[in-house]
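This report looks at how a bound ligand is held by the protein around it, and then turns to the pairing of aromatic rings.

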Amino acid sequence: MKLTPAQLEQFDRDGYLFFPGLFNPDEIGRLAAEVPAIYAEQRPENVREKTGGVVRTNFAAHMYNDMYARLARHLRMVEPIKQLFDEDVYMHQFKINGKMAFDGDVWQWHQDYGTWLNDDQMPEARAMNVAIFLDEVNEFNGPLMFIPGSHKQGVLAAGHDISTTSYPLWTINNQNIADMVAKAGGVRGGIVSPKGPPGSMILFHGCLVHASTSNLSPWNRINVYLSLCAVSNHIRRFKRPGYIAHRQFEAIQCLPDDCLLKDYPVATPWKNGTPADELRGLWKEAA
Ligand code: SIN
Ligand code: MN
């Protein structure tokens with residue numbers, strides 16, 4: 001899948017692109033069917049909401065689940081990012097975010113590259129997210145919110161919030177958010193939230209400021225995120241566990257377009273458990 005010149009221009013201006021219904025119901029059905037078993041496992045990769053048992057985010061399923069190992073190599077997700085960076089990419093992070101009905105908690109305003117820089121010493125913002133919706137995303141179940149054009153600000157000052165939710169995040173203060181929203185159009189377009197059917201895909205820049213509210217609706221909002229990084233821009237510090245910030249920098253080799261519907265052999269090396277080294281944060285700085 002190649003981005004057109006008009007899409008490249010739009011991405012440069014807004015910091016994101018939205019593709020409603022890009023994956024078909026069969027493909028999404030197969031991915032969604034795996035989630036209950038993944039979330040039911042007692043593994044460190046499952047981070048639960050503050051309230052208890054419900055999974056907020058699952059890391060690295062592509063290392064131990066066959067369907068997600070194939071998704072991690074899907075050319076509809078990987079090729080546009082290679083095109084944007086004009087370079088091969090590796091998987092920096094892989095998540096299945098729950099935002100479950102009634103229990104899904106907020107994600108505060110942040111830039112992903114803020115965390116990748118502060119925690120992982122990723123040299124440049126040559127990494128970005130691709131999200132796909134496993135559920136319909138509507139105005140009630142906690143859609144992602146973006147401030148269009150905010151990626152142009154580069155890396156913003158952020159504070160490490162380790163108390164608001166069950167997952168620590170480098171967050172941006174309210175005054176900065178208010179100023180950026182005003183600059184982006186205020187009530188007329190200063191915040192946008194792409195909504196659509198299961199199978200919709202969003203690409204968004206590592207510096208795009210985003211957040212999501214809690215989910216008080218009776219509908220889950222499960223999104224899968226691939227965070228893809230240009231190979232030459234790999235992280236320099238292994239402070240976070242390897243299942244959160246990966247330490248293998250090999251270029252992703254894509255599978256054919258029908259890889260979610262047909263069996264293609266893929267490695268799932270963590271099937272029988274997470275390697276001990278990947279559980280620990282290591283302080284390693286490469287030259
Ligand atoms: C994130 O920003 O990493 C997650 C946001 C969400 O899933 O709503
Ligand atoms: Mn984020």
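In this predicted model, an oxygen atom of ligand 1 lies 3.0 Å from an N or O atom in the side chain of His110. Contacts of this kind between an oxygen atom of ligand 1 and a side chain are set out here, each with its distance.

| Side chain | Distance to an oxygen atom of ligand 1 |
|---|---|
| Asn97 | 2.9 Å |
| His110 | 3.0 Å |
| His210 | 3.0 Å |

Ligand 1, taken alone, exposes 260 Å², and 98% of that is buried by the protein. The space that ligand 1 takes up is the largest cavity. Two or more residues of the shell around ligand 1 come from each of strand 4 (89-97), strand 5 (107-110) and strand 11 (210-212).

The residues around the ligand are Lys95, Asn97, Trp107, His110, Leu144, His210, Ser212, Arg221 and Tyr225, and by character this shell divides into 3 nonpolar, 4 polar and 2 charged residues.

Turning to the aromatic side chains, the count comes to 10 aromatic pairs. One of them is formed by Phe18 and Phe133, whose ring centres are 6.0 Å apart and whose planes meet at 35 degrees, so the pair is tilted, given that planes under 30 degrees apart count as stacked and those over 60 as edge-to-face. This pair links distant parts of the chain, since Phe18 belongs to strand 1 (residues 16-19) and Phe133 to strand 6 (residues 127-133), with their positions 115 residues apart in the numbering.

Technical notes. Residues numbered from 1 in each chain as written. Chains lettered and ligands numbered in written order. Predicted model: local features only at pLDDT ≥ 70, side-chain atom pairs only at ≥ 80, totals over all residues. Heavy atoms only, no water. Near = heavy atom within 4 Å. Polar contact = N/O pair within 3.5 Å; in protein donor to acceptor, adjacent residues only side chain to side chain. Areas by Shrake-Rupley, 256 points an atom, 1.4 Å probe, with all protein chains shown as cover. 1 Å grid on protein atoms, 1.4 Å probe; cavity = no way out; pocket = protein on both sides within 12 Å on 5 of 7 lines; lining within 4 Å. Sits in = over half its atoms within 2 Å of the grid points. Helix = DSSP H or I, 4+ residues; strand = E, 2+ residues; numbered from the N terminus. Nonpolar A, V, L, I, M, F, W, Y, C, P; charged D, E, K, R; others polar. Phe/Tyr/Trp six-rings, centres within 6.5 Å; stacked < 30°, edge-to-face > 60°.
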